[in-house]
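Let's walk through this protein together, starting at one loop and working outward from there. Keep the sequence and the model side by side as you read.

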Amino acid sequence: MTATNKTPPSLTWVKSSYSDGQGAECVEWAPQPATLTGEVLVRDSKAPHGPHLTLTAEGFAGLVSLAKACG
């Protein structure tokens with residue numbers, strides 16, 4: 001996992017179905033890099049110009065499992 005402020009400007013971000021819609025716990029991910037490189041970009045939707053995490057497919061799967069277990 002890495003964190004970076006260099007987010008390509010043309011990415012489409014998808015809000016997680018686990019985001020609560022009330023402004024808290026809003027997580028978005030970008031599907032394009034996952035399809036092209038296998039890396040999944042994840043960010044806080046409240047800070048769209050802030051940093052994002054770059055996860056492997058396995059790391060992203062772990063994050064989704066954690067969200068399901070704690071959700």
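Serine 45 sits in the loop between strand 4 and strand 5. This is a predicted model, so please read every value below as computed from predicted coordinates. Is serine 45 buried or exposed? Its relative accessibility is 16%, and because the cut-off for buried is under 20%, serine 45 counts as buried. If we set aside the neighbours within four places in sequence, serine 45 is in contact with Lys15, Cys26, Val27 and Glu28. One of these, Cys26, is itself buried, with a relative accessible area of 6%.

From that loop, step back into strand 4, which covers residues 40-44 and includes arginine 43. Strand 4 is largely enclosed by the rest of the structure, because four of its five residues are buried. Arginine 43 is buried too, at a relative accessible area of 13%. What does the side chain of arginine 43 meet there? A polar contact of 2.7 Å joins it to the side chain of glutamate 28. In addition, a polar atom of the arginine 43 side chain lies 3.1 Å from the backbone oxygen of proline 48. Not counting residues up to four places away in sequence, arginine 43 touches Trp13, Cys26, Val27, Glu28, Pro48, Pro51 and His52. Cys26, Val27 and Glu28 may look familiar, for serine 45 is in contact with them as well.

Now look at how strand 4 is flanked. On one hand, strand 4 pairs with strand 3 (residues 27-30) in the antiparallel sense, over four bridges. Here glutamate 28 has arginine 43 as its bridge partner in strand 4, and these two residues are also joined by the side-chain polar contact of 2.7 Å. Further along the pairing, tryptophan 29 of the neighbouring strand stands opposite valine 42 in strand 4. On the other hand, strand 4 pairs with strand 5 (residues 52-55), again antiparallel and over four bridges. In strand 5, arginine 43 has histidine 52 as its bridge partner. Arginine 43 therefore has a bridge partner in strand 5, histidine 52, and is buried at 13%.

Strand 3 has a second neighbour: two bridges join it to strand 2 (residues 14-15), and the two run antiparallel. Lysine 15 has glutamate 28 as its bridge partner in strand 3. Which side chains of strand 3 are buried, and which are not? They alternate: Glu28 and Ala30 point to one face and are buried, whereas Val27 and Trp29 point to the other face and are not.

That brings us to tryptophan 29, which counts as partly exposed at 26% relative accessibility. The structure holds one aromatic pair. Its members are tryptophan 29 and phenylalanine 60, whose ring centres are 5.4 Å apart and whose planes stand at 35°, so the pair is tilted. This pair links distant parts of the chain, with tryptophan 29 in strand 3 and phenylalanine 60 in helix 2 (residues 57-70), 31 residues apart.

Two residues of strand 5 are worth a stop. Leucine 53 is found in strand 5 and is partly exposed, at a relative accessible area of 32%. Its C-alpha atom is separated by 9.7 Å from that of glutamate 39, 14 residues away along the chain. Threonine 54 also lies in strand 5, but threonine 54 is buried, with a relative accessible area of 11%. The C-alpha atoms of threonine 54 and proline 33 are separated by 9.6 Å, with their positions 21 residues apart along the chain.

What about the cysteines? A disulfide is a covalent bond between the sulfur atoms of two cysteines. The structure holds zero disulfides. Cysteine 26 is buried at 6%, whereas cysteine 70 counts as exposed at 63% relative accessibility.

Finally, zoom out to the whole protein. It has two helices and five strands, and from the N terminus on the elements run β-β-β-α-β-β-α. Buried residues make up 24% of the 71 residues. Among contacts between residues at least 6 apart in sequence, 27% join residues at least 24 apart. The protein exposes about 4800 Å², of which carbon and sulfur atoms supply 60%.

Key
Residues numbered from 1 in each chain as written. Predicted model: local features only at pLDDT ≥ 70, side-chain atom pairs only at ≥ 80, totals over all residues. Heavy atoms only, no water. Disulfide = S-S within 2.5 Å. Buried < 20%, exposed > 50% of the residue type's maximum accessible area, 1.4 Å probe, protein only. Polar contact = N/O pair within 3.5 Å; in protein donor to acceptor, adjacent residues only side chain to side chain. Contact = heavy atoms within 4.5 Å. Pairing = 2+ DSSP bridges. Phe/Tyr/Trp six-rings, centres within 6.5 Å; stacked < 30°, edge-to-face > 60°. Areas by Shrake-Rupley, 256 points an atom, 1.4 Å probe, with all protein chains shown as cover.
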